[in-house]
Each structure stands twice: as structure tokens, then as C-alpha cells.
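Please work through the exercises below with the sequence and the structure at hand. Each task is followed by a solution in steps.

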Amino acid sequence: MDTAGIKRSRLLLPLYFATVVTICSLYAAQPIQPVFQREFGLSGLQAILFTTLMMLPLGFAPLFYGYLLELVPARRVLRGALLALGLLELLFSLSTGYELLLLLRALQGLLLPAVLTALMSYISYTSGRATVQQAVAVYVGMTIIGGILGRMLSGICTELFGWRFFFLLLALLFVLCWRLLAPLDPTLRLSLTQPDPRQLAGLLRRGPLLWVYGAIFFIFFAGAALLNFIPFELKRLDGHFGEAAVGLVYLGNSMGILVAFGNTRLRRFCGGEIGAVAAGLAVFMTGTILFLYGHYLVMFGAMFVFCLGMFAAHATLFGLVSRLEEAHKPVANGLYMSFYYFGGAIGSFVPSLVYESWGWRWFIAVLLAAQVAAAVCVAALRNDIGNHGTRKMSG
């Protein structure tokens, strides 16, 4: 590796660190939403907006944020957004009104997509051709770790020091990221594939891809819904549960790391992509049903089953997109992530109406219905692949 290559590779660690911090901020409010509800006298519907408003812009990001990164040097976008996120986290930790807190979270949500898009692109740029796939796999692992740490540390810090402490810590970490990424190439302008409306419409008219997008929408609808509402149910079961105990439930997300690095073996074991997705959905639904048993330890274990199935289906479907669409792969992948995050944003909000009106059992029934809808999409996908004579999707 030449000197320039060595210099670029040394930036991977701070880029991964910035990825973890950014994802931490996305999910930091999730386990402590009942705390906001209690402190500000909110309804459950109002409390969950702290997560929904952060997630919703990510539905647009994969398709449209690339325009900004082509017009402005990526280093300026990335470091400027990180510094702005640090300032917003500081203001969040100091604010006392619900409306202002909500506005600050919405502004953070608008900045997150630019940061994540730039981080992903820089990681690909700083890696050599031989190691770029490994670097991207590590990036995916860092997003999962960030989600786990953000939820766990938020819960633990809230119980020990109050909810403001962790957001103040995030502010300092964002400033640290801004400083660590100063050596990034200041002249780099990222050339990203931009979607054409006719191209998007053409992809959405294609049977197999449309079924993939439908499946991931319903999968993350159910996944985000449960992850968003489990703190409220745990508090309802036992008001003495501390925020640390709630945060620890999210350890089940660690199954995503296992799936990310073992998906090839899973596909081989299940006889191909469709079999792997079907198996993932079966495990996903089993984990969901286990949450009907109102006991903390059962729910703690159910989260591992739930996340194993969700991530297995997600990782396999994401890989399937590239096999189904070779001519417009970047746009097809961008659409996939848009459906993923739109499903999550809607799932983190809409089921609250059911939960608040009819309770946990009907809430779980809604999640199972969404999972059945995902299974219908997968069955249609299998038939569509067969009817169109698509080559066999083997592992």
C-alpha cells in the first residue's frame, strides 16, 4: 500500500467511530420515551415523536441527499453536520419545553441522512478495492453497535444521572468526531448516482423488486413498532422497572452483527435467498408471539429471537436487490433503504393508536398482521421469479 493509501486507511477508525455516535443519537430517546412522557405530561403518541421525527428523513436520504454531496465538498458537509448535531444535542440537553425539544429532534433528523451518506461514501473511498466490501460490512456492524449502545447507555445514564446527561455526552462526542475527521481530503466531491423519476417508476413497476420493497416495508414496520413501544409496556407491567433494565432489553439487537457476517451460510443452509427470508420471517413471528408473555426475562430472551429473524430477512432481501437489478443497482438499493426507513417511521408511530386504545395484545396482533403481509410479498416474489424464468437464486 502506498503512503496515500496508508494515510486514508488510518481514517477508517474515526469514520467508524463517527458512525457509532451518529446512530447512538438516532436511538438515544427510544428507551426513555416514558421518562419524557412523565416529565412533560405527554401522551404516548407525543412521546414517540422523539424517535419518529429522527427516522422519517432517512426515508428520503438514499435517493436525494446525494445532490448535496455532489455540489459541496464532502468534508465540509460531513464535519459541518457533525458540529451542528453536537450543538443541537447540547441545546436538547438544556431545553425544558416539549415543543422546543421536538423541534431540535426534527432538525437533527434532517442532518442525520447527510452524515450517514457521507460516512458511507468516505468509508468506500478510503478503502482499497480489495477491502471495500469488508469495510462496508464493518460499517453495517458499526450501525448495529451504535443502535445497541445508544439505547443501552441512554437507559443506564438516565437512571444514574438523569436523561439530560447522555445527550450532553453525545454533544461532546460529536465535537470529538468533528475534530478527528479534520484530516479528511478537503477537495473530494462524491459522485453519486442520482435517480430519474422515470427510472424510479420503471423499477417500481417491476414485479420482483416491488415485492422485495413491500416485504421490507412491512418487516421494518413491525420491527420499529416493537422496539419503540417495548419501554411503555415494560413500565406498564411494573412501574418499578428502571431505565437501565429497559435499555438492556435492546441487547437483542446484537443478533444483527451475527447475521451480517453469517448471511452467506444462512442462505446455503436454507437453500437460497427465498428460503432464508422465509426462515427469518418464521423466527421473526415466533419472537413477536413470545412478547405476549408478560414477564421481563421472557421479553428479554424474545428480543434476541425477534431481532435474529428481522435481521436475517432484512440482510437477505437487501442482497437479493443487487441480484434482481444489475443495470440500475445504486438506485434500486436506494429505493430499498427508502422503503425500509419509511416502514420504520410509520411503524414507530401508527401502532400507537392501537396500543393506547386497545392495549398490548392488539398491538402485537397488528405486528403479526404486518409480518403476514411481508410473508405474502415473499410468496409473490417467489412466484414472480419462477414465472419470469429468473435464474435460480442460490447462496
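The exercises concern a predicted model and treat salt bridges, one helix and a surface patch.

**Exercise 1. Determine how many salt bridges the model contains, and characterise the pair formed by Glu39.**

Step 1. The criterion is a side-chain nitrogen of Lys or Arg within 4 Å of a carboxyl oxygen of Asp or Glu. Under this criterion there are three salt bridges.

Step 2. Glu39 pairs with Arg164, with 3.7 Å between the closest N and O atoms. Glu39 belongs to helix H3 (residues 33-40) and Arg164 to helix H11 (residues 163-180), so this salt bridge ties together parts that are 125 residues apart in sequence.

Step 3. A residue counts as buried under 20% relative accessible area and as exposed over 50%. Glu39, at 42%, is therefore partly exposed, and Arg164, at 25%, is likewise partly exposed.

**Exercise 2. For the salt bridges of Glu233 and Glu243, identify the partners and state whether each residue is buried or exposed.**

Step 1. Glu233 meets Arg236 at an N to O distance of 2.6 Å. The two residues are three apart in helix H13 (residues 207-237), which means that about one helical turn separates them.

Step 2. Glu233 has a relative accessible area of 1% and is buried, whereas Arg236, at 55%, is exposed.

Step 3. Glu243 is paired with Lys235, the closest N and O atoms lying 2.8 Å apart. Both of these residues are buried.

**Exercise 3. Compare the span of H11 with the expected value, and describe where its buried and exposed residues lie.**

Step 1. H11 has 18 residues; at 1.5 Å a residue it should span 26 Å, and the 27 Å between its end C-alpha atoms agrees with this.

Step 2. The buried residues of H11 are Trp163, Phe166, Phe167, Leu170, Ala171, Phe174 and Cys177. Viewed down the helix axis they fall within an arc of 150°, so they line one face of H11.

Step 3. Leu172 and Arg179 are exposed and sit on the face of H11 turned away from the buried side.

**Exercise 4. Identify the residues of the nonpolar surface patch of about 540 Å² and the helices that supply them.**

Step 1. The patch is made by Leu87, Leu90, Leu91, Leu94, Leu168 and Leu172.

Step 2. Helix H8 (74-94) and H11 are the elements giving two or more residues to this patch. H8 gives the most, with four residues.

Step 3. Leu90 lies in H8. With a relative accessible area of 33%, Leu90 is partly exposed.

Notes
Residues are numbered from 1 along each chain as its sequence is written. This is a predicted model: local features need pLDDT of at least 70, side-chain atom pairs count only at pLDDT 80 or more; totals for chains, interfaces and linings use all residues. Side-chain values use heavy atoms; hydrogens and water are left out. Buried means under 20% relative accessible area, exposed over 50%, partly exposed in between (1.4 Å probe, protein chains only). The expected span of a helix is 1.5 Å times one less than its number of residues. The arc is that of the directions from the helix axis to the C-beta atoms. Patches are made of residues with over 30% relative accessible area and no salt bridge: like charges are joined within 9 Å, nonpolar side chains (Val, Leu, Ile, Met, Phe, Trp, Tyr) within 5 Å. Accessible areas come from the Shrake-Rupley method with a 1.4 Å probe; for residues, only the protein chains shown count as cover.
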